[in-house]
There are 2 protein chains.
Amino acid sequence: MMRICFDRVYQTLAGILVQEGFETGRAEACARLFAETTRDGVYTHGINRFPRFVATLRNGSVDAAAEPRRVAGMGGLERWDGCKGPGNLNAQACMARAMHLARTHGVGCVALGNTNHWMRGGTYGWQAAEAGFLGICWTNTMPNLPAWGGVEPVIGNNPLVMAVPRAAGPVVLDMAMSQFSYGALESYRKRGEMLPVDGGFDAAGRLTRDPGAIEESWRPLPVGYWKGSGLSVVLDMMATMLALGRATHQISGDPVFESGLSQVFMALHREGLGPEEEGERIADGIVEWLHRAKPAEPGSRVRYPGERTLVIRAENEKLGLPVEEAVWETILGLRTA
Amino acid sequence: MMRICFDRVYQTLAGILVQEGFETGRAEACARLFAETTRDGVYTHGINRFPRFVATLRNGSVDAAAEPRRVAGMGGLERWDGCKGPGNLNAQACMARAMHLARTHGVGCVALGNTNHWMRGGTYGWQAAEAGFLGICWTNTMPNLPAWGGVEPVIGNNPLVMAVPRAAGPVVLDMAMSQFSYGALESYRKRGEMLPVDGGFDAAGRLTRDPGAIEESWRPLPVGYWKGSGLSVVLDMMATMLALGRATHQISGDPVFESGLSQVFMALHREGLGPEEEGERIADGIVEWLHRAKPAEPGSRVRYPGERTLVIRAENEKLGLPVEEAVWETILGLRTA
């Protein structure tokens, strides 16, 4: 593991994106989102995901030059076409649009079809919360999770993001509908560890904590068994019906061809509801209550969603972004000039 | 178990509500919601819950005559005060208001504070979907679930409802954030059965399928462990900040004094987005895909959320509502005249 300063990572990635057809300003914006994701500790969806993102540019799944466009709408609800553009830039534009709509209508909602993987979903929750909005967004994905009662991956892990603004640090939930991602299963297996709780079924259909057995069966568990399975179905259905886009079952199951996703971005503007300070006090009161709760492990404490982000961010800004040497070499190898 | 026809149940409950101070039309509307909940197979929150509801009327937690009123708002986003009125009538009124706002603004959102237990959350999802809207709503509750990393009940099970209209039958998810309710644990224990999956911790802090051990430890599991715990926190925070109402930690932990809840009701109106038939085809396509999935148990099939409701409803309409004799006697005993 090496540490590289934020600016060097960001400029290296931006340079590669320009080479791959991005206009300079968009290359910088896109590269910044990748670097910020690693900076915030979501290592699976930052720098580590960049080589796969370049592969999707090269195979035509993602159109570097495409920008989202408004197709239809009424009041605070709009439908946009992502035109197969870069998923993170499309998502950022649509959350910005939802906030714009919320300034006029109190609540804004943008349904985005024909887009691509948004990388770290929490990015758009932070975006809303840092601008003072409550944000809710979700995406569908390729089929990567068996539905409850089934054995093959027919539903998506469809991450759901909910974000609350707060002066002392936003509260941001970023939650996929699988209990463990394939990336997490791989990490546990490589460390020779069992999962802390059941994570899926083995080949014989028994619940197991063995990460390797789940990688072999392709049967990870939905969050809460039947409950997360149902939530995944409804999130897919809502996003697809509003965007008039593709459902999970219509999306390629090959990660480098996972394209044409459907997403929803909502922003709520508190201004018309009452004094914002009162909302702040409410959020702080909930956080204090959680911190006072009796912990299961002495010396630990209950945390709110996203609590560790600002700590990790500060550390990575000070020390540089942690990058595996092999990943960094792969990225440098993407440069053609 | 006896069967009583819908109208007799409904009229009996309505009569008791008039006796408890409801105006006749509101007594009928409230009684109808209880009877419909049992009719749709959600037995925990229908007739079985009625005696506790009457207790909350008698102890002053619920004000029979109170109606919700609009406090503030901008565009499609409004804040209402439930004035401690009956939770199911308040919730029905606020989902109706969210739909009204959505007709003008595309999306409508009503935050409701100072209300009471809404009984079956799915009711308001069905309400939205049957009127052609996509509906999302949630409520906070009293502290009844330990947060992940803690041992005492400090968060609510905060049910989340998401509903999609569909000609062949709406898709309605109604999901509390606990893996098993205390009612479900009691049912398993009385039948002498173990839970199908881990449902909580025993007194020694070990995960267990033994329902009695979880009832004793008061440590049921959140859905998806840390994930459902985080979702519960964010749902509470959003509802409370929008409603400027009470958070879970400010609500009495005694079920008959659980009052002053905060809720959110959202409706999305598809009319401005494109042809509704296309949305129908999308929903039907997802349902067909799930039904074609290879089942874990031969002869079974993967179901969508709410799939069994219309079947159960038809059966209970034909045969009468199933009611335990002891519960019915308790209800008849509530009549004072």
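Trainee: Which residues is B:Met238 in contact with, leaving aside its neighbours within four places in sequence?

Mentor: In this predicted model, B:Met238 is in contact with A:Leu134, A:Met162, A:Val164 and B:Val264. Contact here requires C-beta atoms within 7 Å.

Trainee: What makes B:Met238 stand out in the largest nonpolar core?

Mentor: That core has 183 residues, and B:Met238 is one of those that touch the most other members, together with A:Ala98, A:Met238 and B:Ala98.

Trainee: Why is H4(A) called largely enclosed by the rest of the structure?

Mentor: A residue counts as buried if 20 or more other C-beta atoms lie within 10 Å of its own. In H4(A), 15 of the 19 residues are buried, so the helix is largely enclosed.

Trainee: How do you know that the span of H4(A) is close to the expected one?

Mentor: At 1.5 Å a residue, 27 Å is expected, and H4(A) reaches 26 Å from its first C-alpha to its last. Just after this helix, A:Gly106 takes a positive phi of about 80°.

Trainee: How many residues does each chain bring to the contact, and which element of chain A gives the most?

Mentor: Chain A and chain B each bring 71 residues. On the side of chain A that touches chain B, H8(A) gives the most, with twelve residues. That side has 40 nonpolar, 21 polar and ten charged residues.

Trainee: Why are the two copies said to be related as by a two-fold rotation axis?

Mentor: A turn of 180° with a shift of 0.0 Å along the axis lays chain A on chain B with an RMSD of 0.0 Å. The two copies are therefore related as by a two-fold rotation axis. In chain A, the C-alpha nearest that axis belongs to A:Gly224, 2.3 Å from it.

Conventions:
Residues numbered from 1 in each chain as written. Chains lettered and ligands numbered in written order. Predicted model: local features only at pLDDT ≥ 70, side-chain atom pairs only at ≥ 80, totals over all residues. Contact = placed C-beta atoms within 7 Å. Helix = DSSP H or I, 4+ residues; strand = E, 2+ residues; numbered from the N terminus. Nonpolar A, V, L, I, M, F, W, Y, C, P; charged D, E, K, R; others polar. Expected span 1.5 Å × (residues − 1). Buried ≥ 20, exposed ≤ 12 C-beta atoms within 10 Å, placed from the backbone. Core = buried A, V, L, I, M, F, W, Y, C linked by C-beta atoms within 7 Å. Least-squares fit on C-alpha atoms with pLDDT ≥ 70 in both.
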